[in-house]
Amino acid sequence: MYQSIPGTFDILPHDYEHGGVTFYGTPAWREVESRVRGVLQGFGAEEIRTPSLEPVELVARGVGQGTDIVQKEMFTIERGDATFVLRPEVTAPVMRAFLQHRLEQRGGTQRLYYIGPCYRAERPQRGRYRQFHQFGLEIIGADDPSADAECIAAMMAVYAAFGLTDRTRLRINSLGEPESRQRFAEALREHLAPHADQLSETSRRRLDSNPLRILDTKSEQERALLADAPSLATFISEESRQHYASVKLLLDGAGIVYQEDPLLVRGLDYYTRTAFELEGDGLGAQAALAGGGRYDGLAEAVGSKSTVPAVGFAAGIERLFLALAAAEAPLPQESAPDVFLVALGEEARAWAFKQAQELRMAGRSVVFDLGARSMKAQMKEANRKGARFAVIVGEDELASGQAQVRDLTKGDQRSVPLSELNAALQGTGLPA
Ligand code: AMP
């Protein structure tokens with residue numbers, strides 16, 4: 001007996017519990033995916049699907065050498081001279097596809113959304129998996145603050161579509177441009193260096209490699225050291241300051257509630273200006289629902305000759321499910337068929353098999369019993385499957401040219417001429 005790899009999970013036709021976590025079934029996943037699509041298409045976004053496998057260099061450059069993802073979380077596959085990686089996120093792949101297919105030639109701003117699996121070699125825990133699913137939006141080709149605001153608005157609209165607005169907290173910040181961030185990093189290093197002995201081992205390492213990442217420390221002692229540290233806001237250019245002010249103005253106008261968080265950073269060089277994160281209430285350690293920002297430097301980092309301004313967000317679907325579970329929000333259960341065809345006897349079964357086909361062609365979902373079982377067994381299954389109607393055909397019904405149709409939700413039953421069955425089952429109630 002084999003088991004799924006730890007940190008991966010099956011999505012079954014129904015919800016199930018495992019280790020105190022609800023793993024939702026395919027009906028709930030479809031519902032979530034379809035609402036996400038609906039919301040993002042409402043912003044004029046178009047779907048893009050990129051491969052799960054990408055060149056390792058794309059991810060190394062596109063996600064960044066200094067990140068945990070690249071340093072320790074990549075699933076790589078060696079194949080001859082090439083090394084592939086299972087994509088840990090989708091922004092770099094979307095930018096690759098944008099550049100590869102010259103999507104700027106379609107004209108205007110490209111709003112591309114995706115939904116699909118991502119892979120990171122993490123230590124699995126509740127809400128943190130090795131194969132998980134993200135949806136996200138990349139707005140490529142616009143440097144206007146309205147693009148940043150639209151991206152945040154689209155992200156918030158998804159959570160609003162699930163009634164979660166009041167259970168989330170949006171934090172935003174401006175990271176300015178790489179040069180001013182560089183100067184800030186220097187200043188931060190100078191501020192912290194005399195206290196290096198009070199820093200954790202990780203933070204000490206980051207003091208050299210990427211001091212900005214110390215800003216999101218959880219340690220009280222380190223937070224105290226940061227309290228009187230220089231602030232990034234004083235380093236960023238006037239242009240970036242204005243850009244940020246415009247983003248905030250648009251968000252205010254649209255009634256999107258946020259908190260400014262000067263400690264919110266993304267360590268990578270290609271991030272510019274707007275950065276944001278969305279947290280959910282009551283989710284414990286894995287509270288991050290989604291995050292994103294402006295990444296005007298990414299295209300060049302992955303080989304473009306020109307700058308391509310872009311902003312995007314990425315969100316975890318498993319985290320969204322955690323938030324929905326915490327909110328006790330109902331999600332669809334298994335999908336029930338419209339009709340269960342109960343056929344008794346060989347002749348009736350042959351007739352019912354053909355009839356099932358016709359009903360399906362007419363748009364009904366129809367289950368035909370494959371076991372030539374008793375009436376009782378078939379009716380039991382029809383009920384278990386939650387079918388709306390049971391259509392019962394035996395020798396008598398064939399002879400009389402009438403089928404028994406039972407409305408399984410209401411419990412009433414009526415004869416319907418076989419020739420009128422298709423028409424009769426189009427409605428929602430029992431045909432008169
Ligand atoms: P990131 O690209 O790390 O900013 O991730 C974007 C979102 O994906 C996060 O806010 C989470 O909701 C989700 N996410 C990231 N890593 C995982 C993981 N290992 N398991 C489940 N969800 C994840």
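1. Contact here means heavy atoms within 4.5 Å. The model is predicted. On that basis, the buried residues of helix α1 pack against five elements: the strands β7 (110–119), β8 (131–140) and β13 (310–316), and the helices α5 (145–161) and α11 (317–326).

2. The residues of α1 that are buried are Pro-27, Ala-28, Trp-29, Val-32, Val-36, Val-39 and Leu-40. The length of the helix is as expected: α1 covers residues 26–41, and its 16 residues should span 22 Å at 1.5 Å a residue. The C-alpha atoms at its ends are 22 Å apart, so the two values agree.

3. The pairing of α1 with α11 can be described further. Their axes come within 12 Å and cross at roughly 105°. Because angles of 65 to 115 degrees count as roughly perpendicular, α1 is roughly perpendicular to α11. On the α1 side, the contact uses Ala-28, Trp-29 and Val-32; these meet Ile-317, Glu-318, Leu-320, Phe-321 and Leu-324 of α11. By class, this contact holds 7 nonpolar residues, 1 charged residue and no polar ones. Ala-28, Trp-29 and Val-32 are also among the buried residues of α1.

4. Elsewhere in the chain, an open sheet is formed by 5 strands, with mixed pairing, in the order β15-β14-β16-β17-β18. Its edges are β15 (366–368) and β18, each of which pairs on one side only. On average, neighbouring strands in this sheet are turned by 25° against each other, direction ignored.

5. Two helices should be considered together with this sheet. Helix α12 (residues 346–361) lies across β14 (339–343), β15 and β16 (389–393), and runs at about 160° to β15. Helix α13 (residues 375–384) packs on the sheet as well, where it touches β14, β16 and β17. The direction of α13 makes about 175° with that of β14.

6. At the β18 edge, strands β17 (residues 402–407) and β18 (residues 413–417) run antiparallel and are joined by 5 bridges. The register can be read from two positions: Gln-402 stands opposite Pro-417, and Gln-404 stands opposite Ser-415.

7. What phi does Gly-411 take in the hairpin of β17 and β18? The phi of Gly-411 is positive, near 90°. This hairpin has 5 residues between the strands.

Note on methods: Residues are numbered from 1 along each chain as its sequence is written. This is a predicted model: local features need pLDDT of at least 70, side-chain atom pairs count only at pLDDT 80 or more; totals for chains, interfaces and linings use all residues. Side-chain values use heavy atoms; hydrogens and water are left out. Two strands pair if DSSP finds at least two bridges between them. Helices (H or I, at least four residues) and strands (E, at least two) are DSSP runs, numbered from the N terminus. The expected span of a helix is 1.5 Å times one less than its number of residues. Buried means under 20% relative accessible area, exposed over 50%, partly exposed in between (1.4 Å probe, protein chains only). Axes are lines fitted to C-alpha atoms, for helices over the stretch in contact, and angles run from 0 to 180 degrees between N-to-C directions. Angles under 35 degrees count as roughly parallel, over 145 as roughly antiparallel, 65 to 115 as roughly perpendicular and the rest as oblique. Ala, Val, Leu, Ile, Met, Phe, Trp, Tyr, Cys and Pro count as nonpolar, Asp, Glu, Lys and Arg as charged, and the others, Gly among them, as polar.
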